[in-house]
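User: Could you take a close look at one part of this model for me, the place where two of the chains meet? I'd like the chemistry of that contact as well as how the copies are arranged.

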Number of protein chains: 4
Amino acid sequence: MCTSLLLKDLSGSVYAGRTLELPVELPYLVAFLPKGTKLSSKAGNHAPLNYDCKYDVFGIVVPNGSADDLKVVEGLNDAGLNFSLLAFSETHGPDDTFAADVPVLSAIDLGAWMLARFSTVAEVKAALEEQSVLVDPLAALGGVVPPFHYTVHDKTGASIVIEFFNGERHVFDNPTGVMTNSPRFDWHLTNLNNYTHLSNVDHSNATFLGQDFIQPDSGIATVTLPSSDTAVDRFVRAVYYANFSEKTDGQEATIRQLGHVMNKFDRPKGASVYSSAKASALTKSAGDLTGQSGGAPPEFITEYTSWITLIDLARGAVFVRTYNSLGYAKFDLATLKEQASTPKIIPLEALGQHAFDADGLMAAH
Amino acid sequence: MCTSLLLKDLSGSVYAGRTLELPVELPYLVAFLPKGTKLSSKAGNHAPLNYDCKYDVFGIVVPNGSADDLKVVEGLNDAGLNFSLLAFSETHGPDDTFAADVPVLSAIDLGAWMLARFSTVAEVKAALEEQSVLVDPLAALGGVVPPFHYTVHDKTGASIVIEFFNGERHVFDNPTGVMTNSPRFDWHLTNLNNYTHLSNVDHSNATFLGQDFIQPDSGIATVTLPSSDTAVDRFVRAVYYANFSEKTDGQEATIRQLGHVMNKFDRPKGASVYSSAKASALTKSAGDLTGQSGGAPPEFITEYTSWITLIDLARGAVFVRTYNSLGYAKFDLATLKEQASTPKIIPLEALGQHAFDADGLMAAH
Amino acid sequence: MCTSLLLKDLSGSVYAGRTLELPVELPYLVAFLPKGTKLSSKAGNHAPLNYDCKYDVFGIVVPNGSADDLKVVEGLNDAGLNFSLLAFSETHGPDDTFAADVPVLSAIDLGAWMLARFSTVAEVKAALEEQSVLVDPLAALGGVVPPFHYTVHDKTGASIVIEFFNGERHVFDNPTGVMTNSPRFDWHLTNLNNYTHLSNVDHSNATFLGQDFIQPDSGIATVTLPSSDTAVDRFVRAVYYANFSEKTDGQEATIRQLGHVMNKFDRPKGASVYSSAKASALTKSAGDLTGQSGGAPPEFITEYTSWITLIDLARGAVFVRTYNSLGYAKFDLATLKEQASTPKIIPLEALGQHAFDADGLMAAH
Amino acid sequence: MCTSLLLKDLSGSVYAGRTLELPVELPYLVAFLPKGTKLSSKAGNHAPLNYDCKYDVFGIVVPNGSADDLKVVEGLNDAGLNFSLLAFSETHGPDDTFAADVPVLSAIDLGAWMLARFSTVAEVKAALEEQSVLVDPLAALGGVVPPFHYTVHDKTGASIVIEFFNGERHVFDNPTGVMTNSPRFDWHLTNLNNYTHLSNVDHSNATFLGQDFIQPDSGIATVTLPSSDTAVDRFVRAVYYANFSEKTDGQEATIRQLGHVMNKFDRPKGASVYSSAKASALTKSAGDLTGQSGGAPPEFITEYTSWITLIDLARGAVFVRTYNSLGYAKFDLATLKEQASTPKIIPLEALGQHAFDADGLMAAH
């Protein structure tokens, strides 16, 4: 459902790419929350956890009922901390054993909390040791627990994955920077041991039984990449492309290179379909969230890439391409900060679609 | 090295996507040749074949020595005929048995000639019956024969592939509209019989040995897509995505959908590499063409997608994205015609890179 | 439906393995035809082609109506010529343009004729230049043309494939010694260019994104072998195993090694099934041939390996294992020759379930 | 390194197949230990665990220094309990926290102990709750811990896997009856969720882009079976063949069917090779065990199937085929029991090359 990965440029600067796939559009917003914005999280009957933004926070968010309660799906703060929420169907959090008066963070608010308060993965890990977190059922999801796991990167390239399964919270260091979806993160890491043969070098000549054979085209190196679009195969391909992608110099070239890499994970509508009877709680709730429910569902639904983000962690730049656009929109945290002293929120769909009209360029010659 | 395919929208209107991959940049130009432009082709010692443009012609071209001698790599005319030149390493044309005074078309000029003179694939096929064609060595390629085959589509969806191999010219009807590279076209068609199991429907539940298994993610349907980036596997994937891509309504939606499909064939630098000692004549000649020769070659070179075109055949619109851009530039033949009564030629690299600066949009809220 | 391949031992001596798969049992016989046995072939209304055995011939055969008209499926003569008939669905022979009085060989009798008359592949090729051959409809197949192609090896390792398609006879030199089924032989050879990456060396260590991964088991080398049991994938696997199989010394070790290789092509009942409505003419006719027709067919039928032969060409030894046996029966041409001066024919099923020297069984008939 | 699986016949009777692969031959013995035979296990400095055979035990064993100390690799008792030891490189047992005077079972003796004492998997599970077990370094392995896990089946089809990893003992119920090697068993079970698309039904017809394609051969169903010979891919294939194998009636037919299934896991020498520098402790120790050490090792070594067993659990029959044989030898526990009142041990290599009733051979020792 989502693919996320990190690229480093020649100077070691860190860039993050991620896609989001669902068979429906959620009411995504683009939000800028300047330093000082007050936020809150509430889980079960516990005291709310109130905090304000120590950092400027930019993100793609989904409103939970109102614009005052934003759930961060993808975000970046001006300290270079990058957060991504991805689907994780095995989610099964710990039982609520906390005292009522303990302020507890709802897992769905992990993104807002971490982007608001911390500058590095190390800070996040330390804070998580102290902070009570519950996977709280979400009314917007029809009362089921939010089926997500969470990955956090910082501008040094440090990366962790936070998962709730088997009734426990797990915080995994992520040496690869790659994350997709189910199953649990350490299963994926073990699975990479089945791909030690991967290399980007074409082997285009062979002699079998005394006869020479030649592959006339380039590209046979990728013959062993797994093909499916499930999380398992996407994880392996994400490692492959992140690892073998040609190193580039600076933001402009690296964002472009990252764009090409993420195109490998851009899923067109129709590429795979499944019975709408198997739609997840998340998908089913989307109709309610967007007011598009009603009518008989189609026999088959298709999961496609709603949007892709390309992020320069160190320089605070976020590029976004939606399914309905041929090009990327760029956001710059420093510019936003200059322009906005209060929270700014726009619908993602307001970005429109961008193709450069080049006829005039031609006529001018 | 190149992937080309056709999509139809809900009304049956035809769109063409193609990529071009090489390990080098050729000195690509974008050219508009209005009706009446005079062109010529010369093969061996034969009389030149002189002709003028019956149609407005737009294309991505490579100059053969001078801007007067343009070789069309990808083009469209205002009758909706679309031409693509793709690499074909088995090229071996017929012997020259034509009389010296017969005007002979050089195969490398097939694109210019067909776009200039014909409006449909049927017209092209009929004209080829009459026209002598030779695969003439090209000075710009160091004197080797141009290793290409040629695919032509029209706005009805008719499509042919022209190949020269085993010393003969072959014109194949192409019921799929898909073309890549070696081996010969009919081999690829036979190969599709090995993919009858392909379907875009996820099979996500199974019972093995009395135990139920569930794939929690969508996308297992593509598990049997072949993975390599050779022409053989790209052909199969192009058929898959062209066939299963969700049908869309009208130019705007279909060009976007085609963009997502073509992203599947966007090859990042580094994804596969090969020894520079195995570089083709085409690749080696590029250094001379672009004046970038000299110095020791790198140990490995990587083939990447220099550019992608998305074409609306019926409405005369061409969208181009280069490797160095995050977005597409759009050309409209009707607009170009209004603006230009003489040939217009600009370097492809003049298109620059396009990412929409969205900060202002946000600040305005 | 059938897989055939050659192994050479350390001294260069040639051994042939082949499987036969159908969803039914044909009334297979094991036949020994000593030198001097008179044979005949008749095609259409042409004069019969009469000939006698210049060599001792041993084979697995199917009677065409009577034991006087045996069609060789797999055979060996005492000069070390080995013949195999394999299914080939594209069979489409030349039109009958021969004069009525010309003796014409029916393609289905190619095996008997070649084993009876020739000692080397070179002799066979020369003789085929002179001999008229027709793909004659076979009453036993319900009047359809026998859908087969034919491969012939000799003890030097020379190998050819004879196919009738597109209305023409083709004789291909086979540098690999491997043959399976459709499509045409030269398509398979071209397909090997897509497998130049195959190697039997495990690559069990890799570093991706700075992290080391280790495959703890042996055997990752075969990760790129194609998996299906269609002729196309079996051809590639047969080349792989024939090429990489460890070289052995002498008949005993090499026949065992060949046995292990052929086990890779042993197809268990149920491994794949298809609708009985899609049964071939060959399969449908089997019911009539064996008197087992009648009753409603099952919904699905399964193709399985009826038998496997391992042949030492130079020493005239043939090992046979049927689906119903855990071991091989061995036949020795020299021993058979001593024991039999007239044709000897026994049902294949008489071999029972256990490996043993079967020459005596044959002599007793 | 090893593949094991269960088949059931039409009446639900249970049969077990297993292979053993190493790049070397160990000094395998075939052993029959009648009821009452006294056995012992010793781990560390703990009191020995002494016990006698409550059941007749038959097995393929390796002597640990002397014939008095046999380690069971594959075994069956006359209650229908079947034990298999398979390689497991992650083995990391619990620390020794047992009191010195507690009799502790060495993990390598699990097979002997379980076959001697128990009749069902349920009994084994209950007994393991009480019994202290340590993974004790083995002198014969150069002092490393024996890198194995253990699978136990009974004639009801109940099946467990016993693994020691992460410093803990794990007993997994095995609903599939399949086991291979690394990684841990529950990882394999999760991995089956990535194969829900597997089916044995050929999909041989498709229409792509309006054009019909037909696969002329049977067997395309297996196109998605994973190809490598690592434990991960063998596990999936073992589940596939165990699940889809045609059900048969009774011992004779089912043992044959199981033989065909196990042929799919018969690995020929040379099919994959790896650097001898990467040989495991187990492989390295084999030279010492067999007295074949000395001399420079070859550059590459190849793992092959030393032997295969086919076992009828309910009827006490064991069929064995070694790499050097074309057929199976059969052992019958009831017959052995009649013939032997004391332990009988013969070298596995004494079985020679042909299938036969081997009970007499054993009694003669």
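Analyst: Let's start with charge: between chain B and chain D there are 0 salt bridges. Keep in mind that this is a predicted model. The class make-up of the side of chain B that touches chain D fits alongside that count: 16 nonpolar residues, 13 polar ones and no charged residues. Polar contacts do turn up, though, with 10 residue pairs counted between chain B and chain D, both partners at pLDDT 80 or more.

As for which elements of chain B are involved, strand 14 (205–208), strand 15 (211–214) and helix 4 (231–244) each put at least two residues into the side that touches chain D.

Now the extent of the contact. On each side the tally is 29: that many residues of chain B are in contact with 29 of chain D. Together the two chains bury about 2400 Å², and carbon and sulfur atoms give 66% of that area. A trio stands out here: B:Thr196, B:Phe208 and B:Leu209 supply 30% of what chain B buries against chain D, more than any other three residues.

Finally, the arrangement of chain B and chain A. A turn of 180° with a shift of 0.0 Å along the axis lays chain B on chain A, at an RMSD of 0.0 Å. These two copies are thus related as by a two-fold rotation axis. In chain B, the residue that comes closest to the rotation axis is B:Gly327, its C-alpha lying at 2.1 Å. And 100% of the interface residues of chain B are also interface residues in chain A, so the copies meet through the same surface.

Notes
Residues are numbered from 1 along each chain as its sequence is written. Chains are lettered from A and ligands numbered from 1 in the order in which they are written. This is a predicted model: local features need pLDDT of at least 70, side-chain atom pairs count only at pLDDT 80 or more; totals for chains, interfaces and linings use all residues. Side-chain values use heavy atoms; hydrogens and water are left out. Copies are superposed by least squares on the C-alpha atoms of residues with pLDDT of at least 70 in both. Contact means heavy atoms within 4.5 Å. Buried area is the accessible area (1.4 Å probe) that two parts lose on being put together, summed over both. A salt bridge is a side-chain nitrogen of Lys or Arg within 4 Å of a carboxyl oxygen of Asp or Glu. A polar contact is a pair of N or O atoms within 3.5 Å; within protein, one must be able to donate a hydrogen and the other to accept it, and residues adjacent in sequence count only if both atoms are side-chain atoms. Helices (H or I, at least four residues) and strands (E, at least two) are DSSP runs, numbered from the N terminus. Ala, Val, Leu, Ile, Met, Phe, Trp, Tyr, Cys and Pro count as nonpolar, Asp, Glu, Lys and Arg as charged, and the others, Gly among them, as polar.
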